[in-house]
Amino acid sequence: MKLNWTKTDDRKPQTYNGFKPPYISCIVFSCNPETPQGGVIETCRWDVKNECWFKDDIRANWYLQEPYKITHFADDVDSPYAP
């Protein structure tokens, strides 16, 4: 499986089939900006309407809460099993 990482400063998560869902599921990289190395890979949904990370996902996972910050996301994972 290949993860196509995108910096959160570069663009917002998007869909690739033209369908506008209320949420886009993403694999995210979250880290503490005060710590020079390290971080965790988690999942979080992008709220399309409000253009922000889904607050309920953040409340449910302390690795996504302050002082951690989502810095990268993968919204187009290339699976080895995809057609």
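**Exercise 1. Overall dimensions**

What radius of gyration does the chain have, and what value would a compact globule with 83 residues have?

Solution. The model is a predicted one. A compact globule with 83 residues would have a radius of gyration near 12 Å. The chain has 13 Å, which agrees with that expectation. Along the principal axes, the C-alpha atoms fill a box of roughly 40 × 30 × 25 Å. The surface exposed by the chain is about 6000 Å², of which carbon and sulfur atoms supply 52%. Buried residues account for 31% of the 83 residues.

**Exercise 2. Secondary structure and contact range**

Determine how many helices and strands the chain has, and give their order.

Solution. The count is 1 helix and 5 strands. Read along the sequence, they follow the pattern β-β-β-β-α-β. As for contact range, consider the contacts with a separation of 6 or more: 58% of them are between residues 24 or more positions apart.

**Exercise 3. The nonpolar core**

Identify the residues of the largest nonpolar core and the strands that supply them.

Solution. Step one is to list the members: Ile24, Cys26, Val28, Cys44, Trp46, Trp53, Leu64, Ile70 and Phe73, 9 residues in total. Step two assigns them to strands: E2 (23–31), E3 (40–47) and E5 (69–74) each supply at least two residues of this core. The largest share, 3 residues, comes from E2. Step three examines one member, Cys26. Leaving aside neighbours within four places in sequence, Cys26 is in contact with Pro13, Glu42, Thr43, Cys44, Trp53, Phe73, Ala74 and Asp75.

**Exercise 4. Aromatic rings**

Classify the pair formed by Tyr63 and Tyr68 as stacked, tilted or edge-to-face.

Solution. The count of aromatic pairs comes to 6. In the pair of Tyr63 and Tyr68, the ring centres are 5.5 Å apart and the planes are at 80 degrees to each other. Planes over 60 degrees apart count as edge-to-face, so this pair is edge-to-face. Tyr63 has a relative accessible area of 28%, and is therefore partly exposed. Elsewhere, Trp46, Trp53 and Phe73 form one aromatic cluster. A further ring, that of Tyr23, has the charged end of Arg45 sitting over it, 5.3 Å from the ring centre.

**Exercise 5. The surroundings of Tyr16**

Locate Tyr16, decide whether this residue is buried, partly exposed or exposed, and list its contacts.

Solution. Tyr16 is found in the loop between strand E1 (6–7) and E2. Its relative accessibility is 47%, so Tyr16 counts as partly exposed. Beyond its neighbours within four places in sequence, Tyr16 is in contact with Arg11, Asp75 and Asp76. The C-alpha atoms of Tyr16 and Cys44 are separated by 18 Å, the two residues being 28 residues apart along the chain.

**Exercise 6. Backbone geometry**

Examine the phi of Glu51 and the peptide bond from Glu66 to Pro67.

Solution. Most residues other than glycine have a negative phi, and most peptide bonds are trans. Glu51 has a positive phi, near 50 degrees, although this residue is not glycine. Glu51 lies in the loop between E3 and strand E4 (52–53). At 45% relative accessibility, Glu51 is partly exposed. The peptide bond from Glu66 to Pro67 is cis, its omega being near 10 degrees. Pro67 lies in the loop between helix H1 (55–60) and E5.

Conventions: Residues are numbered from 1 along each chain as its sequence is written. This is a predicted model: local features need pLDDT of at least 70, side-chain atom pairs count only at pLDDT 80 or more; totals for chains, interfaces and linings use all residues. Side-chain values use heavy atoms; hydrogens and water are left out. Rings of Phe, Tyr and Trp (its six-membered ring) pair if their centres lie within 6.5 Å; planes under 30 degrees apart count as stacked, over 60 as edge-to-face and the rest as tilted. Buried means under 20% relative accessible area, exposed over 50%, partly exposed in between (1.4 Å probe, protein chains only). A charge sits over a ring if NZ of Lys or CZ of Arg is within 6 Å of the ring centre and within 35 degrees of the ring normal. Helices (H or I, at least four residues) and strands (E, at least two) are DSSP runs, numbered from the N terminus. The radius of gyration is taken over C-alpha atoms; the globule rule is 2.2 Å times the number of residues to the power 0.38. Contact means heavy atoms within 4.5 Å. Accessible areas come from the Shrake-Rupley method with a 1.4 Å probe; for residues, only the protein chains shown count as cover. A nonpolar core is a set of buried Ala, Val, Leu, Ile, Met, Phe, Trp, Tyr and Cys residues joined through side-chain atoms within 4.5 Å.
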